[in-house]
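User: Please take a close look at one buried acidic residue in this model and at the parts of the fold around it. I would like a single connected account.

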Amino acid sequence: MASHRRPKQPSRTRVTVLTATAAAAVALSSQAAHADPKPKKEDVKSEVDKLYEQAEQATEKYNGAKEDQEKLQKEVDALQDKVARGQGELNELRKGLGAVASGQYRSGSIDPSVQLFLSGDPDTYLDKAATLDQLSGKQAEQLKTIADKQRRLAQERAEAAGKIKDLSDTRKALGDKKDEIKGKLAKAQELLNTLTAKEKEELRKEEEKKQGQSEGRSSRGNERPDLGNDVPASQRGAAALAAAASKIGSPYVWGATGPSSFDCSGLTSWAYQQAGQGLPRTSQAQANAGTRIGSQSALKPGDLVLFYGDLHHIGLYAGNGQVLHAPKPGASVRYESINNMPFQFGVRV
């Protein structure tokens, strides 16, 4: 006789587990389907180039803040030294007046005007002392000298306090720019780390190809390209260009001014320093270091060349459409086509 018992139904717990497992599987499949695809090499390169440019912009602002900090520090040191000397001179003047008062006291005839001065503010004293006929000419001159010295000292202290405040603000700006630069470079490195070894090698070759110029010129940025026979801008410009050329292959390091590493304005300022010419620290300031040359065709070897609308990049014109510069993080001092960057103008120092 056949059994009419109902088949055993799965327990509620088992159904819940099965349902949850299926839901999780669907969710994982959905996530896999909608997961962000691995960024393309071209997109990574584009973003990295953008970050490097932003880092270079921040670097020039950092350089400017650092220059301001050094200038302010010198001014603060000079003012503080001046205040210290002034206080010493004031103490000596007071000591001399005190000796006069002591002599008068011992003789029982201390001048009421001197007594008044020693007990209060010299400025207040001078207003009241006019009514005291006991004041000798010599004492009056001493008291006026002390009052003037005290006023100047107060002004110098106030000026020093203002400079110290400016110095503190500049140091903060310097720290902020330093953090910004490090953040940009770290983000760029993170992006580069997403590439395979093959992709990194392809990027390296593309960068090398970019450094190579048109037919007949060098294919490597650290080899001397055909610079033509352009006459140098000046003897000093030629010397600066030769100095920079001696540093080909040196790495770009933000904030560096040589002799083993450079940023863009660090290289140009170092090169001209070797030629006996001082230049300001930043690319924006160097843009005003001489006569502007608006046309590429008018450039001569040794001229400074400014790029980008905010003038955050600078190099040295090397002749035949080439610039010698410290390009960007991750690269080294090299020759490159002037057309690889948005040219603004040249400067003949």
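Analyst: Leaving aside neighbours within four places in sequence, Glu60 is in contact with Asp263, Cys264, Ser265, Thr282, Ser283, Gln284 and His312. The model is a predicted one. Glu60 belongs to helix α2, and Asp263, one of its contacts, is 203 residues away in sequence, although the two C-alpha atoms are 8.9 Å apart in space. Glu60 counts as buried because its relative accessibility is 2%, and the cut-off for buried is under 20%. A polar atom of the Glu60 side chain lies 2.7 Å from the backbone nitrogen of Ser283.

Helix α2, which holds Glu60, spans residues 41-106 and is among the elements that give two or more residues to the largest nonpolar core. That core has 33 residues, and those with the most contacts inside it are Ala271, Leu304, Leu306 and Leu316. Besides α2, the elements giving two or more residues are α5 (137-192), α7, α8, β2 (304-307), β3 and β6 (343-348). The largest share, five residues, comes from α8. In soluble globular proteins, nonpolar side chains tend to be buried together.

Within this core, Leu304 merits separate mention. Not counting residues up to four places away in sequence, Leu304 touches Thr268, Tyr272, Leu279, Gln286, Ile314, Gly315, Leu316, Phe345, Gly346, Val347 and Val349. There is also a second, separate core of 10 residues, including Ile293, Val305, Ile338 and Met341.

Helix α7, another contributor to the 33-residue core, covers residues 235-245, and its buried residues are Gly237, Ala240, Leu241, Ala243 and Ala244. These residues lie on the same side of α7 because they cover an arc of only 160° around the axis. Among the elements covering them are α8 (264-274), β3 (313-319) and β4 (322-325).

Strand β4, part of that cover, runs antiparallel to β5, and four bridges join the two strands. Across this pairing, Leu324 stands opposite Tyr335 in β5. Strand β5 comprises residues 334-337 and is covered on both faces: Arg334 and Glu336 are buried on one side, and Tyr335 and Ser337 are buried on the other. In a regular strand the side chains alternate between the two faces of the sheet.

Methods:
Residues numbered from 1 in each chain as written. Predicted model: local features only at pLDDT ≥ 70, side-chain atom pairs only at ≥ 80, totals over all residues. Heavy atoms only, no water. Buried < 20%, exposed > 50% of the residue type's maximum accessible area, 1.4 Å probe, protein only. Arc of directions from axis to C-beta. Contact = heavy atoms within 4.5 Å. Core = buried A, V, L, I, M, F, W, Y, C linked by side-chain atoms within 4.5 Å. Polar contact = N/O pair within 3.5 Å; in protein donor to acceptor, adjacent residues only side chain to side chain. Pairing = 2+ DSSP bridges.
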